[in-house]
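Thanks, everyone. I'll walk through one model today, strand by strand, and then turn to confidence.

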Amino acid sequence: KQWYQRRVRGKRQDSSSSSSSASPARSRPSKQSGRNRPSSPRRSSFNNNNNSHNSSHNSSFNRSGSKNTPTKFLGNDRAGLEGYLMERKRRKEEREEEQGSRAKEEKKRQDRKARDKKMKVDVKKEEDEGETTKEDPCKPNFEKSGKLAEERNTYKGIVIKYSEPQEARIPKTKWRLYPFKGDETLPTMYIHRNSGYLIGRERKVVDIPADHPSCSSQHAVIQFRLVDHTRQDGTKTQKVKPYLMDLESTNGSFINNAKIEARRYYELKERDIVKFGFSTREYVLLHERSEGVMETES
């Protein structure tokens, strides 16, 4: 055993001596020295790529800065940043003002267009109405001629110029006409039995004859009508009242010496004086309750 140990020890010494004579002995590197040893080419290229990527990312971030702030205002230039913001605000106001002016112009244009369209419609309507008013002599006229009404409103072969209205009523008040010719008193005429009385020279159709040459054949008419009436206490009701209408006579009709218009109703009141043409006869309108009127009837 001792012999074996000496032999192994000798071999170790021989190998150590031979290695020291061939090349200097390499010492085992420490951890501290391992950190400073050069890296492989592959590892160095990888590190270079990472460094370049980080530098580019940092540079791009520095160029972009924040979302709304340019690069030149990222520093301490506060006055320049305020000026830039004011300029942006001014431009925004200008854009808004321009948009408002455009909207106003568009509204004016639409209003003008609508007005022109309405004017065209009105002009077209007027033209259509003008065309309808023009009468074509060759075109037949189907409007009412009045002949049928004349045939229906005929009595004893004479066409009556007047037709009673729908509001015609027989009065309950006993109205009377008192005719006077100068100082002469003529027979009393009772006009409460019918709703209307025709006056004129044509004795075949008239109810009250007027034989003076200045009177027309169908001179005037006295018509009783149911109309609205207001009492003294302010209440409203309906009442039958007498009216006079001139039938387009030649010399006209008069109420209290005032000439009346033709084809128009004029209300007759108690004690009114009625005249026809140039006749000297005067007709005074009264009723049974008038002062000084007798109650007798013929």
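Start with strand β3, residues 175–181. This is a predicted model, and in it β3 is mostly covered. Five of its seven residues are buried.

Which strands pair with β3? Take β14 to begin with, residues 281–287. The two strands run antiparallel, and seven bridges join them. One facing pair to look for is Lys 181 with Arg 281 of β14.

Next, β5, which is residues 189–190. It is antiparallel to β3 and shares two bridges with it. Here Arg 176 sits opposite Tyr 190.

Then β4, residues 184–185. Again the sense is antiparallel, and again there are two bridges. Phe 180 has Thr 185 of β4 as its bridge partner. β3 and β4 make a hairpin, with two residues between the strands. Look at the turn: Gly 182 has a positive phi there, about 70°.

Stay on β3 for one side chain. Tyr 178 lies in this strand. Is Tyr 178 buried or exposed? Its relative accessible area is 18%, and the cut-off for buried is under 20%, so Tyr 178 counts as buried. Its side chain makes a polar contact with the side chain of Arg 176, at 3.4 Å. That is the Arg 176 that stands opposite Tyr 190 in β5. As for Tyr 178 and Tyr 190, they are 12 residues apart along the chain, and their C-alpha atoms are separated by 8.9 Å.

Now the second sheet. Five strands form an open sheet, and the order is β7-β6-β8-β9-β12. The pairing is mixed. Which strands stand at the edges? They are β7, residues 208–209, and β12. Each has a single partner strand, so one side of each has no neighbour in the sheet.

For β12, look at its pairing with β9, residues 236–246. The two are antiparallel, with two bridges. Tyr 243 faces Glu 267 of β12.

Tyr 243 also brings us to the aromatics. How many aromatic pairs are there? The count is two. One of them is Tyr 243 with Tyr 265. The ring centres are 6.1 Å apart and the planes meet at 75°, so this pair is edge-to-face. The two residues come from distant parts of the chain: Tyr 243 is in β9, and Tyr 265 is in the loop between β11 and β12, 22 residues apart. What about cover? Tyr 243 is buried, at 10% relative accessible area. Tyr 265 is partly exposed, at 23%.

On to backbone angles. Most residues other than glycine have a negative phi. So here are two residues worth picking out in the viewer. Asn 257 has a phi near 65°, which is positive. Asn 257 sits in the loop between β10, residues 253–255, and β11, residues 258–259. With 64% relative accessibility, Asn 257 is exposed. The other one is Arg 271, where phi is positive too, near 75°. Its loop runs between β12, residues 266–267, and β13, residues 273–276. Arg 271 is partly exposed, with a relative accessible area of 44%.

Let me zoom out to the whole chain. It has 298 residues, and 22% of them count as buried. The secondary structure is five helices and 14 strands. The exposed area is about 24,200 Å², with carbon and sulfur atoms supplying 48%. Take the contacts with a separation of 6 or more: residues 24 or more positions apart account for 44% of those.

Last item, confidence. Mean pLDDT over the chain is 78, and 67% of the residues reach 70 or more. Where does it drop? Over residues 29–35, pLDDT stays under 50. In the model, that stretch has zero contacts beyond four places in sequence. Residues 71–75 are also below 50, but this stretch does have 10 contacts beyond near neighbours in sequence. How should we treat such regions? Where pLDDT is low, the predicted coordinates should not be read in detail.

Conventions
Residues numbered from 1 in each chain as written. Predicted model: local features only at pLDDT ≥ 70, side-chain atom pairs only at ≥ 80, totals over all residues. Heavy atoms only, no water. Helix = DSSP H or I, 4+ residues; strand = E, 2+ residues; numbered from the N terminus. Buried < 20%, exposed > 50% of the residue type's maximum accessible area, 1.4 Å probe, protein only. Contact = heavy atoms within 4.5 Å. Areas by Shrake-Rupley, 256 points an atom, 1.4 Å probe, with all protein chains shown as cover. Pairing = 2+ DSSP bridges. pLDDT = per-residue confidence, 0-100. Polar contact = N/O pair within 3.5 Å; in protein donor to acceptor, adjacent residues only side chain to side chain. Phe/Tyr/Trp six-rings, centres within 6.5 Å; stacked < 30°, edge-to-face > 60°.
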